[in-house]
Amino acid sequence: MGKLVYTGKTKDVFALDNGNYMLKFKDDCTGKDGVFDPGENSVGLTIQGVGDVNLRMSIYYFEKINAAGINTHFVSADLANTTMEVKPAKVFGKGLEVICRHKAVGSFIKRYGEYIEEGADLKAYVETTLKNDALGDPLVTKDGLVVLGIMTDKQYENLKDMTQKIAQIVAEDLLQKGLVLYDIKFEFGYDADGKVMLIDEIASGNMRVYKDGEHIDPMKLSELFFA
């Protein structure tokens with residue numbers, strides 16, 4: 001397995017002898033009072049088998065994204081041990097989340113509801129937030145990221161382009177299953193040469209999906225996805 005270097009909320013990270021890392025997916029989920037909520041910042045419950053389905057969905061999409069020529073950290077996976085081998089990557093700043101919104105919903109409507117109707121098309125709108133539980137993951141603009149020294153202008157443009165392309169791959173795939181992607185959250189890092197790459201996972205808890213106008217719970221989405 002390698003040497004444990006980080007214990008996360010939903011995954012543990014091990015350093016491998018070949019210079020890569022191993023992610024061990026766990027059955028712990030973020031939530032509150034025993035209710036699953038991907039937006040929460042603390043582990044709220046354990047759901048048997050959730051690590052397995054998150055890994056399966058991640059493998060499925062990482063292989064599609066790699067095949068499209070988009071840079072990711074994915075190397076291989078071992079379903080028997082619920083692990084994924086990944087290339088080393090540095091995070092931007094202390095961690096950056098990138099959201100691609102196809103439809104207006106959630107926090108977007110809370111902020112801008114006086115200007116737009118819920119469910120309106122957003123044409124792959126991209127927003128970035130700094131990972132900081134205490135501050136509620138504050139929004140940050142491209143100019144902010146550059147002036148704070150978190151990334152370069154070019155890295156941001158690459159990140160935005162990759163975000164929109166990856167979200168489109170996921171959206172088109174879900175549409176074939178009769179599912180509509182409203183928004184999806186990604187994490188990015190960069191390699192030793194400063195090249196941007198998609199990291200972390202691509203699982204149901206990171207996306208908001210609707211079917212026939214109804215929001216699909218992440219656990220239900222996983223069931224529908226692998227049905």
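In this predicted model, D137 sits in the loop that links β11 (121–130) to β12 (139–140). What is the phi of D137, a residue that is not a glycine? It is positive, at about 50 degrees. That stands out a little, because most residues other than glycine have a negative phi. T82 joins D137 here: T82 is not a glycine either, and its phi is positive at about 55 degrees. T82 also belongs to a loop, the one between β7 (74–78) and β8 (83–86). Is T82 buried or exposed? With a relative accessibility of 15%, T82 falls under the 20% cut-off and therefore counts as buried.

From T82, the picture leads over to helix α1. V53 is part of that helix, and the C-alpha atoms of V53 and T82 lie 9.3 Å apart in space, with their positions 29 residues apart in sequence. V53 has a relative accessible area of 19%, so it is buried as well. Which residues does V53 touch once those up to four places away in sequence are set aside? They are S222 and F226.

S222 turns up again in the surroundings of S204. This serine is located in the loop running from β14 (196–199) to β15 (207–211), and it counts as buried because its relative accessibility is just 2%. The side chains of S204 and S222 make a polar contact with each other at 2.9 Å. Apart from sequence neighbours within four places, the contacts of S204 are N54, M57, P218, L221 and S222. Two of the residues on that list, N54 and M57, have numbers that fall inside helix α1, which covers residues 50–67.

Strand β7, mentioned above as one end of the T82 loop, contains F74. F74 has a relative accessibility of 8% and so counts as buried. Its C-alpha atom is 9.1 Å from that of S58, and the two residues are 16 apart in sequence. Who are the contacts of F74 beyond four places in sequence? The list reads I59, F62, E63, N66, M84, E85 and V86.

Helix α1 also packs against another helix, α4. Two packed helices are described by the angle between their axes and the distance between the axes. For α1 and α4, the angle is about 120 degrees and the axes are 10 Å apart. That angle makes α1 oblique to α4, and the crossing is right-handed. Which residues meet where the two helices come together? On the α1 side they are Y60, Y61, K64 and I65, and on the α4 side they are I166, I169, V170, D173 and L174.

Helix α4 matters to the next part of the picture too, the largest nonpolar core. This core has 45 residues, and L174, I184, F188 and M207 are the ones with the most contacts inside it. Which helix gives the most to this core? It is α4 (residues 153–175), with nine residues. L174 thus comes up twice: it is among the α4 residues that meet α1, and it is one of the core residues with the most contacts. As for F188, leaving out residues up to four places away in sequence, it touches V91, F92, L96, V98, L159, M162, T163, I166, V196, M197, L198 and I199. One of these, I166, is also found among the α4 residues that meet α1.

Technical notes: Residues are numbered from 1 along each chain as its sequence is written. This is a predicted model: local features need pLDDT of at least 70, side-chain atom pairs count only at pLDDT 80 or more; totals for chains, interfaces and linings use all residues. Side-chain values use heavy atoms; hydrogens and water are left out. A nonpolar core is a set of buried Ala, Val, Leu, Ile, Met, Phe, Trp, Tyr and Cys residues joined through side-chain atoms within 4.5 Å. Buried means under 20% relative accessible area, exposed over 50%, partly exposed in between (1.4 Å probe, protein chains only). Helices (H or I, at least four residues) and strands (E, at least two) are DSSP runs, numbered from the N terminus. Contact means heavy atoms within 4.5 Å. A polar contact is a pair of N or O atoms within 3.5 Å; within protein, one must be able to donate a hydrogen and the other to accept it, and residues adjacent in sequence count only if both atoms are side-chain atoms. Axes are lines fitted to C-alpha atoms, for helices over the stretch in contact, and angles run from 0 to 180 degrees between N-to-C directions. Angles under 35 degrees count as roughly parallel, over 145 as roughly antiparallel, 65 to 115 as roughly perpendicular and the rest as oblique. A crossing is left-handed if the near helix is turned anticlockwise from the far one by less than a right angle, and right-handed if clockwise.
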